[in-house]
Each structure stands twice: as structure tokens, then as C-alpha cells.
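Reader: I have just opened this one and would like a walk through it. Can we take it piece by piece?

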Amino acid sequence: MKASILIINGRCLTQDQDRICDWLAVDGERIVAMGQGDTYRDVLSEWTVLIDARKGTVLPGFIDSHFHVVQTALNSQCVDLGDAKSFKDIGDLIYERYKKEPNLPIQAIRMDIHNLKERRFPSRQDLDKICSDTPIWINSSEYQTSVLNTCALLYYKIPFTVQGVLFDEKRMPTGVFQRQANAMLRANISNQYSDFYRMDALQNIMPKVAEAGITTACAVEGGPIYCDKDAEFINEIIKRKSVYLDMELFFQTLDLDRVESMGLHRVGGCLYVDGTFSARLAAISFEYADAPGEKGCLNFTQDRMNEFVELCYRRNLQLSLYTIGDRAIELALKAHERAVTLTGITGLRHRLEHVELPNAEHIRMASDLGVIFSVRPIYELRWGGKGKMYEKRLGENYKNSNPFRESLDGGVLLCGGTDSDVCKANILLGIHAAVNHPVEQHRVTVPEALRMFTCNGAYAIGKEAEKGYLKEGYLADIVVLDGNILETETDRIKELNVTYTFKSGELVYHA
Amino acid sequence: MLQINVLGKTKISCNGELLDKQLSTKAQALVYLLIAHNGKFISRDKIMAYLWPDSTTDAARYNLRYNLWQLKKLLPHDGADRSLVLSEKDGCSIDSRYSFQCDLLKIQACSVHSRDLEELAHTKGLFCGDFMEGWYLKNCNEFNEMILFERMNCERIQVELLKALARRYEESGRLEDALTTWKEMAQVDMDNEETAYNIVRLYYEMGNRVAAINHYKKFETGLWDNLNIAPNEELQRLHRDLISGSDSLHSTKKAIQVQTRSTLEINGHCIKNIDYFLISDVISALLRFVDKGFLADFEKDYVRDLSVIQRDLLICYEKTTGQPLEAVAAATEGHVPAVRIVQAFCKLIEYLTDRYDIRLRISNREHIDEVSAQIIEYLETSGISGFSLE
């Protein structure tokens, strides 16, 4: 047997117990051999492509367990207002795009009024001053608010009669849309996107995804804020294998008939049991430090959750629920406990997404029930630790957020995701964040962090028999790094880079 | 006849022939602007500010003159050689004497309080898109504001019309049509809980409990998908009752019936020197709109007294109750003192306002007969809740 690709001179961390190899051989789409030293001679032929890993780490292709694929793709076409500090900054950024593409509607994302010196949303008249003859649609950072200029108000189908349209003193719309109006507006606009447009945007981000070493993504699509058409689109893309990336669709809906009619065996992703800490909507058992009396809110009653979870069990669907605060986690776990007792069905590998504030009892329950925690370590880099958002919201309880160490020690399986496009699709940053958790007692080791984004990710989608490991017979989903991650100082892991990414034996990225 | 459509894709046509292509964008805009002002006079300066805000006064004046000339030349004239646009020295308006058809004007002319089902249904069909869909005039801020304002207005009218139509269908026992109308309403505002409630309730009342439950489930899922919230308590209660087959549904139904007060817009006409003419005309108009079954429970003696001035009341009463016309009519022979007629009329209004809000509009009031004038004055001061004079 000869190899089509041979990777030598590497530190192949197979994730198969502690096995480490120096080389691995690929033929077609599978790994065919692995070994130590120069024992690869037998598989080398004149057609073999030889890759020198230069002592770098060789890993299974990364599995991003929480990736809003279509949103990331569509956002890549938008003006990013994440750094805007004033209306003037917004104007400059939008005008720059307008000059480049004067005849196209402008969409902008990540506007955060807390960052703006005006401390309010711009009005349509403010936006008209930037540009009045092209539609402008601005999304707030959490997508709960839209702002349109007058041209966009006339260009898009606007639901003026529904709740959430803000009016000025003359009873004319201010251009700001929230709640139902925002949801309808987003749906109206998103539904206008053709699948060609989505495809174009998706192709556009694939090089970046490959550069991040991602070979499989849990595509969390549809539902509130997003668009059900996105889920249908991804389902088609998966069937047609239109992009290099393997995707597992998590459709964020309560409509189980629809999920089954699409041939899916799982449901959920961002099925919001509660909301974010940022919006103080995460359901917590104590009061928010910066909003006395507020404890967030649950979007489901226990009865409703019980009913839904039980249905998923009876239909043999893997369920993934968005839970952030401890009250939401408890609600979800109790529903699982009840469903297991009632149905006797186990082994569906149900997941909780984000699951940021579990206590010891929750960890015990999850471990007993076999519920997986699908976590976002990058959140801790961004919002965790002293002086950051978690501390502002949770007070001293910020020290309890994302207890990775305790979860692992308690027997819970952790898989990791980036939550792109909320955070950047950067797996190495995720690994870095898990290893360098701002609260030391929650930190995990590098091998543990690697497993979160490889074999544990594969287990969490039921694909551990074909990916997530470097093993003979497994898919040749391979990432090569430019350094030895086990010997890199932990606080410098984020400086490592991907040098090669292979998906099913095909080179999809080369630095 | 000239036909102007401003809802959806705009169109100006005459006997099927499209005239838009021959008109400049600004000439069309001028027509739509005048239409939106519903026959009101707009000064030339104001029109120039709407359509040529960036031009010098001379250029704007010339442009306006040119476009008015174009309209006069290209749009058909009527038999009296009148044109659509009435252009005078200081300003312009649509010539109210000129005969033409326009979807917006028809919609504005239709009252959502109308009892005429066919009229409401026909008007509903006129909503085939946004006001001036696809229009946006660069740098013409006031004009664009006008479009925006009219769009909101049209959307509001559409919602009111659909609700009114659904209610009328239901009152007429046409539950299937009422259901279809609420469903159309759901397309306008998919997450509206009042709409969902009515659809679920109507399915139930039509004996289709399965469809009622399915609709609730679909709505609940959609609400979660779109807004991440659960239906309101009232809707959830209805669903629980549906599932459990609870009798409380019947009380819900009754409660709804009580809640669904209708508004009657009544037009009364006057003829000078004929006693009771206005009051008689009002009774006649009320008879066209009120629930006859409801009227049948009105006190017989009052019906007799009022029959003196409006025999239609008698006819209607007989048809509804099955009592012979003569038997009641006989009682009305001879003179009935005016005070009893007045009292009976006031009792009728009081009785009807239990279920209806009555808005009375009096045409040519300067010709009101003296007796009616006094009765109306009395009603106005008596402060009957649910009765108002416009």
C-alpha cells in the first residue's frame, strides 16, 4: 500500500489515548498508516506528496461544535461597526462601503450603543445624512434592534403595524425596529436572500474556515434572530457536498415534524431556554450585580420544557438546548431527568449549549444523564475575569462561570465551539482560552482542551468512529500547526498558526 | 375612463392602455402627490419643495409648468373638456368634478364601520401591495416622507379593514369567511396573538377541534422561532381548554360575544318642516345594520309607539318575531302622544347601545325638522354611553 500524502517529521497527537506518532500516511480520503521515526519508507512512492511538518503538531481536523455558518457567511459581506465609537465612525465606515459599491444596499452589523458616545441608536435622519439614496440596514451587536434609513424604509417590506416600531413625536417611524417588528423585518430581508447569494457568501468564508483548521462544524441555523431558510439551505449544501467543510445541521426550531421531514436526527442549537448575561436575560438564581431585583428570565416553563424534551426522547432525536444561567441549566436537566425516567431511553447524546453557570449538582446530574456540555471558552477571554462584563453582571459570581475543570472532573464530556459569528472562528484561540481560563481553578490542560475540539466534538455528533482521531481507517481530516503545542508556553498558544489543513485527504489550506 | 393605481406597482391607464411610459417620473409623482392629498389644494411652492427641492426657483417653476402641461396633454379629458389636474395660478389639486378611478381613493372612501359585506370584501381586494411600491425620489425628502406616511396609513387601514370584515362575517354567521379573513390578517402580522386566538376559536366553533389545536401548535412554534417567547396567557388557556375539552370554552365564547361590540355609523338626512323626519330616517338606517334577533327582544310597546313614525320597524318586527303585522299595527291606530314617541326612540337608542356604539352623522343639518332637533339635543345632553353625534 502506497500513500498519496505522507506527513513526516511531526508530533502527531492522535487523541487515541496517549499515542503519539512521528508520521502518518493518507491514501484517498482516509488515513492508512502511522508510525515512528522513518518507518514510512514502505508507503512512500514516486507519486506520494511529502509534507514536512517541521516538528509541528499534527492533529485531527478541528470540530467546531457551535458555528452559525450562514450568519457568519452573510456577515462577511457586511460593514463591521464593532469598533465604531460615535455616529461619525458609523458614517465613515458606511460611506466607505457606499463609495466602493454605490448601487448596492448596505448592511452593517455589531453596532453597540454602549460603545457610542451618543449612547443611543441613530435615527433614520442620522443615517440619511450619511447616505440617502441607498438602503442602509444596521444591526445591533446582539441582533435585537435594527435601524434603517428612509431609503431602506421604502425599499424593504416594513411591518409598521406590529409591536416594536418606534415612532417620533410626529408619529413617523424613527427607523428603529425592535421586538416583533425587528423579527419580521429580519425575516422579510433574510427571506429575500437567494440561495445563490447565500452560496456566494458561504464560498467566500471557506478559505478563512480552512485557515482556522476547521474540518467539521455544527451548523446552528434557523429560529429566532436567524432565518429558517438558512437551515434549509445548509441541509441542501450538506446533501450536495457543495463545500469542503463537513457540516452537521442543528436546526433551531421546536417543530419536530419539520426536523424529521428534513431527514435530521437532531434538533436545537440555540434553542433559547434563557438569554445572555450581557442583556441580563440569562436566568440566574441570584440578582444581577448591576441590576438589583433582576434575575433574568426563562423562556420555557418547566412543564413546557418537560413536554418538549420528552417528545425528543420518544422520537429519538438528539436535543441541544441553549442554557446560560444556572436556573436555565437546572430547568433543562430536570426535564432530561424526567424524560429518562419516563421513557428509559438513553444514549442520544443530548447537549446543553454554552452552559456557563452550572453548579456542582448540575455537573453531577449531567454526568449521570450523559448530557454533554458544549462550551465556548473564548467567552472567558472576552468577558471573563476581573473588571470585565461577567464581573459587572454577576459580581463575585463571575468566578463560577465556565467551570471546565470541575465539569471534566465530574465526568461530563465537554466539546468546544467558537460561536462564530459572535466570536471569531478561531479554534486555537478557543484552546488557548480553555487552558488560560481567568479563574485558575477552572483551567484545563492542553490535551484536554485539544480533545474538546477534536474527539469530544466527534462524539457529541456521533461521528467518533470516523473522525476526531488520527487513526488508521479514519477520515484524513488533519491539521498541522507551526509549533509543538505541548511545549508551547500556555499563554502563547494563541500565537500558534495552522500551516496545513486537509479535509478527507484533500489539501484545503496551506500557509 | 382614467384608472390610477397607487397600491403595489403604480399604474396610470385609460381603457386598458398604459400611459405611464409617456409621462416623466416627476409628472407621475405629481399625480400621486395630488391623489395622496385627496383633492386638497397644494400651493405651487409646496409642490416645488416636494419634487424639485434642489432646483432654483425658476428651474423648479419651469419644471412644474412643463409637467402640468404634459399631464394636461397626455391624460384624457372628460366630456366637459376637464382634465384630471386642476391647475390654478397659486396651486393645483385633483379636479373633483373629473371622473376617474383610483384604488387609494376607494379605500379611503370605504368605512371600516360599513355594514356592506360586499363593499368591505371588494375594498380588501384593492390592497395588492405597498403604497407606491418601489418609489424613492433621490433628494426629495418631503416626497419620500409622504410615501412613508401613506404606506403606514394604508397598512393601518388594511389591518382595521380585515378585522372589521372578519367580525362582520362572523356576525352574519359566515364563519368560514371569517376564518379566511383572520388567516389573511395573520399574513400581515404573523405573530399577532389576537389573530391567532380568533383563528383557534373559530376552528373550534366550527367543530374542528383538531385544526384548532394544530393551529395553536403552529403558532406557538412560529412565535418561538421568531420571537423566542411563549403565547400569552389567554391563548394558552384557550389551548388548555381545547385539549381538556373544558366547558369553559363556551363561557369564553360568550365572553367574546359580549366583548365584540360593533360600531354603527349612521347617516341621517333632514327635510325641513316634516316632523320626525330625521328620527324616522335614523330608525330606518339602524334597521339595516342591527342584529334583527337582538331587536326582537326590544319592548313591544316601544315598537308600537315608534311605528307611528317608521313603519319599517313594524315590518321588521313582524318578520323577526312571527307576530302578525295587523295585531301590532292595530295598536298603533289613533294618536300617540309625541312624548311617547320621543321616549320610545330614546329607549331604542339606550337598548341598542348595550351592544353597539352608535355614531350618528347628520347630513344637511340646516334642514332639520324642529321635533327631531329637540330629540337630538335631548340625546346629546342625556349622555347615553355608546351614542355619539359627529
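Author: What follows goes through one chain, then the other, then the contact between them. Keep in mind that this is a predicted model.

Reader: Start with chain A. How many helices and strands does it have?

Author: Chain A has 17 helices and 24 strands. Its radius of gyration is 24 Å, close to the 24 Å that the globule rule gives for 511 residues, so chain A is as compact as a globular protein of that length.

Reader: And what does the C-alpha trace span along its principal axes?

Author: About 80 × 55 × 45 Å for chain A.

Reader: What share of chain A is buried?

Author: Of its 511 residues, 54% count as buried. As for contacts in chain A between residues at least 6 apart in sequence, 69% of them join residues at least 24 apart.

Reader: I see a sheet with strands 9 to 14 in chain A. What is the strand order?

Author: The order is 9-10-11-12-14-13, in an open sheet of six strands with mixed pairing. Strand 9 (79-80) and strand 13 (165-167) of chain A are at the edges with a single partner strand each, so each has one side without a neighbour in the sheet.

Reader: Strand 9 then. How does it run against strand 10 in chain A, parallel or antiparallel?

Author: Parallel, with two bridges joining strand 9 to strand 10 (residues 106-111) of chain A. Opposite A:Val79 stands A:Ala108, in strand 10 of chain A.

Reader: Which helices pack on that sheet?

Author: Helix 5 (residues 179-192) of chain A packs on it, touching strand 11, strand 12 (145-148), strand 13 and strand 14 (173-178) of chain A. The direction of this helix makes about 85° with that of strand 14 of chain A. Helix 2 (residues 87-100) of chain A lies across strand 9, strand 10 and strand 11 (136-140), and runs at about 150° to strand 10 of chain A.

Reader: Different spot. Where is A:Asp228 found?

Author: In helix 7 (residues 228-240) of chain A.

Reader: Why does A:Asp228 count as buried?

Author: Because A:Asp228 has 21 C-beta neighbours inside 10 Å, and 20 or more are enough to count as buried.

Reader: What is A:Asp228 in contact with?

Author: Leaving aside neighbours within four places in sequence, A:Asp228 is in contact with A:Gly222, A:Thr253 and B:Asp225. A:Asn191 is 37 residues away from A:Asp228 in sequence, and their C-alpha atoms are 8.7 Å apart.

Reader: B:Asp225 is in the other chain, so let's go there. How many residues of chain B are in contact with chain A?

Author: 23 residues of chain B, in contact with 25 residues of chain A. Helix 6 and helix 9 (209-227) of chain B each supply at least two residues of that side of chain B. The largest share, nine residues, comes from helix 6 of chain B.

Reader: How does helix 6 pack with helix 5 in chain B?

Author: Helix 5 (residues 117-125) and helix 6 (residues 141-171) of chain B pack at an angle of about 145°, with their axes 10 Å apart. The crossing is left-handed. Among the residues making the contact are B:Leu117 and B:Leu120 of helix 5 and B:Leu161 and B:Arg168 of helix 6 of chain B.

Reader: Last one, helix 8 of chain B. How many of its residues are buried?

Author: Ten of the 13, so helix 8 of chain B is largely enclosed by the rest of the structure. B:Tyr197, B:Arg201 and B:Tyr204 are among them. Helix 8 (residues 193-205) of chain B reaches 18 Å from first C-alpha to last, close to the 18 Å expected. Just after this helix, B:Gly207 takes a positive phi of about 85°.

Note on methods: Residues numbered from 1 in each chain as written. Chains lettered and ligands numbered in written order. Predicted model: local features only at pLDDT ≥ 70, side-chain atom pairs only at ≥ 80, totals over all residues. Helix = DSSP H or I, 4+ residues; strand = E, 2+ residues; numbered from the N terminus. Expected span 1.5 Å × (residues − 1). Buried ≥ 20, exposed ≤ 12 C-beta atoms within 10 Å, placed from the backbone. Rg over C-alpha atoms; globule rule 2.2 N^0.38 Å. Contact = placed C-beta atoms within 7 Å. Pairing = 2+ DSSP bridges. Axes fitted to C-alpha atoms, helices over the stretch in contact; angles between N-to-C directions. Left-handed = near helix turned anticlockwise from the far one by under 90°.
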